[in-house]
There are 2 protein chains.
Amino acid sequence: MVDKMEIFPIKTPIIKPGENLAEIILEAIYSQGLKLQDSDVIAVASKAVSIATNRIANLRKIEPSKRALKLARRYSLEPEFVELILRESEKIYGGVKKAILTIKNGILTVNAGIDHKNTPEGFAALWPLNPQVEADRLRRQIETKTGRKIGILIVDSEVSPLRLGTRGFALAISGFKPIRDYRNERDIYGRKILITLHSIADDLASAAHAVMGESAEQIPAVLIRNAPITLDENAKSKEMKIESGKCVYAGSFKL
Amino acid sequence: MVDKMEIFPIKTPIIKPGENLAEIILEAIYSQGLKLQDSDVIAVASKAVSIATNRIANLRKIEPSKRALKLARRYSLEPEFVELILRESEKIYGGVKKAILTIKNGILTVNAGIDHKNTPEGFAALWPLNPQVEADRLRRQIETKTGRKIGILIVDSEVSPLRLGTRGFALAISGFKPIRDYRNERDIYGRKILITLHSIADDLASAAHAVMGESAEQIPAVLIRNAPITLDENAKSKEMKIESGKCVYAGSFKL
């Protein structure tokens, strides 16, 4: 029989700027009567990482540029918020009411990942400055404190083309292979599989996002046990990106 | 404490055309020592539904059109396979090697959802003729046999823009609300949330896809227990679609 995968929501106090996220998460795990095991994956909301590492911006201190004022009118957003989007994004495509499509860290995302939900009044949360560094740091801190070999997954929300609602995706990973490569395996009829790569990191990010929710749940972390992962200390988040010449969307639209 | 969510992979024999999928899945669930509970969600791979309902096409009986021959050369695909894509899709955008971006059932998907992995030799699997009808039928059959109120989720694979690897998404649902609406809730600071909708169906589809895998796992079904869902007999899959005027991708590209 195949083992079941378990998804434990980890409820914490509200996280404040400068706090030690690894300690808060571990305390919350212990207070739920859980202990870490080797190969557990801890999924953390990117916003929790942003707040703990002071990646929040005071909107009242932002001076909107002319371009920000224009885009703010077009997309019904605050000018200060749009100014942050312009500063944070590598590229801007267009948008709809309340949402601008951007490239940030090479990732296609809405509003450069900036959000003011669940941030202190008057502040907006930006993506962690370097999600890979933060994922690696969290993993080292938790592995040192527990003696376990684990995976870390930084989770953010995204929307998909022509679909309603947000879902989770993996902003960064540490400690496990984000992509499973099936290219030398065979299907149930014994035929060789030619091209399938499976984004286990994105699937697990969605599994975590399902229980994190999007409002006042106070579940910034999720413990995933028995996930079909392979631990790998050298795995990097950039493995989840595709060359644009191989991306079917980039091949069809101007990305 | 919040309950953990459990993801049970359900291993079955190879499913053959015309077989009763509800019976196969229930037998496999029982043979793993499990019993259904109210509010369980059963996720089923779309390919299992396609094969059981005879939505497979004999590639040797397909006559490729001139357009199919041309696109087959351009994207390094079999002409018969491309002919099927042309017949199945509502719109074609473009593509890259081995992949054409299409609209099928109003969903942006690669190769109109057609795939010949894990299908009988010489055959390709098309999407179920009407995924909503199949999801409703499966739910009725399973609810009648067990007396439980459950959710059904038909899961397929997709790729995301600029991301490597496949992940799960919800092709159809039955019995539960696919979207959770947070618009009248408040965030952890008590501020009203204005626009967030959460695609719980897509998140759960990804959670199931994580353990289904993509090769010879023979796990066409997954039992999800304790998912944060609301049962709703009248919920429809079309609730997961967004009007293109509100879609940030459609607003930026020509979708």
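These legends walk you through close-up views of a predicted model.

**View 1. Chains A and B as a pair.** Let's begin with how the two copies fit on each other. A turn of 180° with a shift of 0.0 Å along the axis lays chain A on chain B, with an RMSD of 0.0 Å. The two copies are thus related as by a two-fold rotation axis. Of the interface residues of chain A, 100% are also interface residues in chain B, so the copies meet through the same surface.

**View 2. Helix α6 of chain A.** This helix covers residues 200-212. At 1.5 Å a residue, its 13 residues should span 18 Å, and the C-alpha atoms at its ends are indeed 18 Å apart, which agrees. Is α6(A) mostly covered or uncovered? It is mostly covered, with 13 of its 13 residues buried. Look just after α6(A) to find A:Gly213, which has a positive phi of about 70°.

**View 3. A hairpin in chain B.** Strands β5 (residues 99-104) and β6 (residues 107-110) of chain B pair in the antiparallel sense over 4 bridges. As one example, B:Ile103 has B:Leu108 in β6(B) as its bridge partner. Between the two strands of this hairpin lie 2 residues, and B:Asn105 in the turn takes a positive phi of about 55°.

**View 4. The sheet in chain B and its helices.** Here 3 strands make an open, antiparallel sheet in the order β4-β5-β6. Which strands sit at the edges? They are β4 (91-96) and β6 of chain B, each pairing on one side only. From one strand to the next, the twist averages 20°. Helix α3 (residues 66-75) of chain B packs on the sheet and touches β4 and β5, its direction making about 30° with that of β4(B). Helix α4 (residues 79-88) of chain B also packs on the sheet, touching β4 and β5, and its direction makes about 25° with that of β5(B).

Note on methods: Residues are numbered from 1 along each chain as its sequence is written. Chains are lettered from A and ligands numbered from 1 in the order in which they are written. This is a predicted model: local features need pLDDT of at least 70, side-chain atom pairs count only at pLDDT 80 or more; totals for chains, interfaces and linings use all residues. Side-chain values use heavy atoms; hydrogens and water are left out. Copies are superposed by least squares on the C-alpha atoms of residues with pLDDT of at least 70 in both. Contact means heavy atoms within 4.5 Å. The expected span of a helix is 1.5 Å times one less than its number of residues. Buried means under 20% relative accessible area, exposed over 50%, partly exposed in between (1.4 Å probe, protein chains only). Two strands pair if DSSP finds at least two bridges between them. Axes are lines fitted to C-alpha atoms, for helices over the stretch in contact, and angles run from 0 to 180 degrees between N-to-C directions.
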